[in-house]
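Here is a short briefing on one protein chain. Have the coordinates open while reading.

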Amino acid sequence: MTGRARLLIALVLVALVGASCAYTTHIRLPDEQAVSSRILWSDGSLLTRVHGVEDRDPVKLADMAKVLPRAVIAIEDARFYEHGGFDVRGIARALRDNIDKGRAAEGGSTITQQYVRAVLLSNTKTLKRKLREAVLAMQIEDRYSKKTILERYLNTVYFGNGAYGVQAAARTYFRLDAAQVNLPQAALLAGLIRAPNDYDPFVHPEAALARRNEVITRMQKLGKISDAEAQLVLAAPVDVMPRTDETQYPAPFFVEKVKHFIFNDPHFGPTVAARERLLFQGGLKIETTLDPKWQVEADVALHGILTDPTDPPGALVAVDPATGAIKAYTSSQNFFDTDPLSPAYSYAKVDLANARDEKGNPTRQPGSSFKPFVLATALEKGIPLTKTYSGASPITLHPPGQAPYMLENFEGSSYGRMNLVDATVDSVNTVYAQLGLDAGPGNIALQAIAQGINSPLKGVPNIAIGDEEVTVEDMAAAYSVFPADGVRHPPVFVTRVTDPSGRVLFEAHPVPKIVLSSGTARTVTGVLQQVVQRGTGVNARIGRPVAGKTGTSDFRKNAWFVGYTPELVAAVWVGFPDGSPMQPPRTRVHAQGGDWPARIWQVFASSALENVTPTLFKVPEAASSSTSSSTSTTTRVPIGPGIYSVIGLDVITATKSLTDDGYQVVIVRAPSRRFSPNYVTAQNPPEGTAVRPGSTITLTVADGRPRVVSVPNVLGLLADQAAFAIRQAGLDPRVVVEAQPPPTSFDSTGKAWKQSPFSGQSVDEGTPVTVWVNP
């Protein structure tokens, strides 16, 4: 070593001694760094990551391939386990090499110093910063273990191409987890740390190869790998996966819907800014209902039918009718279109599945696809399918209290008298307009809203032929009531959100409601099956039971098909976002619901259900064939005035809603297995009960999971003794006085002879236990 190098080292040591006396602040590493959030498909696989500037996904040191930290230590800080944060020998080596080469070829910073620089200091190259870096590194080494420092470093360091930490780097370059990388891959990643841009394998593959081989050679010299292993890797080319554009990802409109949910739900922070920060930096795990197969099939169907450049865009939403889970959600336009000259650029990011104006109101008229809600309302009002109306066109209608107006059928078709089945199959506007007035436009609006149409329906006279606006998502949700036997399952698209520690921030608890008698739901389905079998929906036939309805709005501005099987409901809409008519010369055909939308539905549903065994729709029971609500034996949730349901809401939201409406609220807490803590599990009075303003509403709120207890044996005990034993066990006694069937014992008077649940069974605390006692 030259005298100049020795002098420099001596000066550094003197400076460090002085700095260590000056910097006496007790150091603590930051608890959190920006961590990417993950949005998952329904099967738990990754849909996309959401992050700010830094894409980071921390992993434990034990969850990294062992060769990965070895490679990094070999090339960045071979004496990592020997020094105390600042390596004098490393500094000496770096100074010697730099002086010999006449340039700054070696940095000499330890892994601990690099970590300090990344999380506590800037990259400004001054002597003062360098001294402070060294001192802080030594203080950190005194406070934290080598394992902790190495793990944090490997999760912090930048590897290029937006990847921070080994997990993001392994995914970026190899599409693997950090636990899966092999020796040559680990060496490539380790080599990137010094200069990620200079050694970028996508841009500079030769430099990346040379740097990787430098790491391998270093590991060989240090005895970390054998000569044979080194020679094998040195002979191999750099093998990285093709670069992917992570600004583009599947299901972009659904991802935007998820983001909007996080930004607007107070579960995730008191302000929008706080929620955005949590999403982009908080490492959330967001579990969704989106099915990867169904989503692909939806995209394929839209793009496979709407193929001509003059074709309008379309949207499709598919729902599981048994749960309300949204399983496909897409629009056909290119969300990532960046060409301002593209005809579709202006509406590329418009969510056509949930299109609304600046006031939040839907903008798409459903046309005749709205008629099933009219039919359901009429049946509930006791109007039978056999009732006939004139199908003549045009006709003049006289709504009560309003001016008469004229109406005609689609393309001017005219019919004689028709029953409701044929009028639905042929989609006869004049019949449905008359039926709508008989059923009541206001009643139709209420029924549609109850089934899931989230629009400010006004109940105008022409609501029966689809003159009020809806969204594609709402139509899928509302139609789901029919195959679900009259039960509405609220739409769900995010099922659970957890933070990096596993703490649940949100969990969906949709509460199903009966909004239609089962007889009516089954009857409507039977009619809509005929629409597909022999009516306007024949293009939707897929060789299994299908029910559905077409719709075409005035001037062909909107074309629809909403159809379902027992396992799937899908709403398809086609139209121009600006509301232009779909007819030549603007389009190649005169658009209508039975064409593009029905064919899209057919392609989608047949593929989505290809591995699902076909099942039959339920048919109305003979006793309920009249489908009158007065003959239904199913309890129906009222759709008119009365207290509304807050079950499934968090207690803060529920309480605020009720108190804002003038009610008094009393909170009772009870264990619950179904609901997360602080969610409303029950209410009294129940939904639909007529109550006065100022009345008290008692809310039962989940307070953790119930304690499991064992049912005691009370057979042979007197009634009061049995009840006491059951209460002592934390259960709810229910006594039934009923004579025991013979033969009976002579001393059985007043004693328990049967119980349910039986003794020894494990049940939740508070579970009712019924005891039968002899008179």
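A charge sits over a ring if NZ of Lys or CZ of Arg is within 6 Å of the ring centre and within 35 degrees of the ring normal. By that criterion, the charged end of Lys754 sits over the ring of Trp772, 4.2 Å from its centre. The model is predicted. The protein chain has 775 residues, and 51% of them are buried.

**Overall make-up**
- The secondary structure comprises 22 helices and 26 strands.
- About 35400 Å² of the protein chain is exposed, and carbon and sulfur atoms supply 53% of that area.
- Take the contacts between residues at least 6 apart in sequence: 68% of them join residues at least 24 apart.

**Nonpolar cores**
- The largest nonpolar core counts 89 residues. Ile286, Phe370, Phe373, Met475 and Tyr479 have the most contacts inside it.
- Helix α11 (residues 252-264) gives this core its largest share, seven residues.
- Apart from this core lies another, of 53 residues. Val72, Ile73, Val166 and Ile225 are among them.
- Which residues does Phe370 touch, not counting those up to four places away in sequence? They are Ile444, Ala448, Leu457, Ile463, Gly466, Val470 and Met475.

**Aromatic pairs and ring contacts**
- The structure holds 22 aromatic pairs.
- One of them joins Phe253 and Phe335 edge-to-face, at 5.2 Å centre to centre and 85° between the planes.
- This pair links distant parts of the chain, 82 residues apart: Phe253 is in helix α11, and Phe335 is in the loop between β7 (326-331) and α14 (371-380).
- Both Phe253 and Phe335 are buried.
- Tyr479 and Tyr564 also form an edge-to-face pair, with 6.3 Å centre to centre and 70° between the planes.
- Here, too, distant parts of the chain are linked: Tyr479 belongs to helix α18 (residues 472-479) and Tyr564 to strand β17 (residues 559-564), 85 residues apart.
- Tyr479 and Tyr564 are both buried.
- Phe254, Phe261, Phe268, Tyr329, Phe493 and Phe506 are linked by ring pairs into a cluster.
- Lys349 lies over the face of Phe335, 4.7 Å from the ring centre.

**Helix α21 and its two faces**
- Val651, Ala654 and Leu658 are buried in helix α21 (residues 651-660).
- These three cover an arc of only 70° around the axis, so they lie on the same side of α21.
- An α-helix has 3.6 residues a turn, so residues three or four places apart point the same way.
- The buried residues of α21 pack against β19 (664-670), β20 (680-684) and β21 (696-702).
- The face turned away from the buried side of α21 carries exposed Ile652, Lys656 and Asp660.
- Gly662, just after α21, takes a positive phi of about 95°.

**Backbone points to check**
- The peptide bond from Pro584 to Pro585 is cis, with omega near 5°. Pro585 is in the loop between β18 (569-574) and α20 (596-608).
- Ser756 and Pro757 are also joined by a cis peptide bond, with omega about 0°. Pro757 is in the loop between β24 (752-756) and β25 (762-764).
- Glu411 is not a glycine, yet its phi is positive, near 55°. Glu411 is in the loop between β10 (405-407) and β11 (417-419).
- Arg556, not a glycine either, has a positive phi of about 55°. Arg556 is in the loop between β16 (547-552) and β17.
- Is each of these side chains buried or exposed? Glu411 is exposed, with a relative accessible area of 59%. Arg556 counts as buried, because its relative accessibility is 10% and the cut-off for buried is under 20%.

Note on methods: Residues are numbered from 1 along each chain as its sequence is written. This is a predicted model: local features need pLDDT of at least 70, side-chain atom pairs count only at pLDDT 80 or more; totals for chains, interfaces and linings use all residues. Side-chain values use heavy atoms; hydrogens and water are left out. A nonpolar core is a set of buried Ala, Val, Leu, Ile, Met, Phe, Trp, Tyr and Cys residues joined through side-chain atoms within 4.5 Å. Buried means under 20% relative accessible area, exposed over 50%, partly exposed in between (1.4 Å probe, protein chains only). Helices (H or I, at least four residues) and strands (E, at least two) are DSSP runs, numbered from the N terminus. Contact means heavy atoms within 4.5 Å. The arc is that of the directions from the helix axis to the C-beta atoms. Rings of Phe, Tyr and Trp (its six-membered ring) pair if their centres lie within 6.5 Å; planes under 30 degrees apart count as stacked, over 60 as edge-to-face and the rest as tilted. Accessible areas come from the Shrake-Rupley method with a 1.4 Å probe; for residues, only the protein chains shown count as cover.
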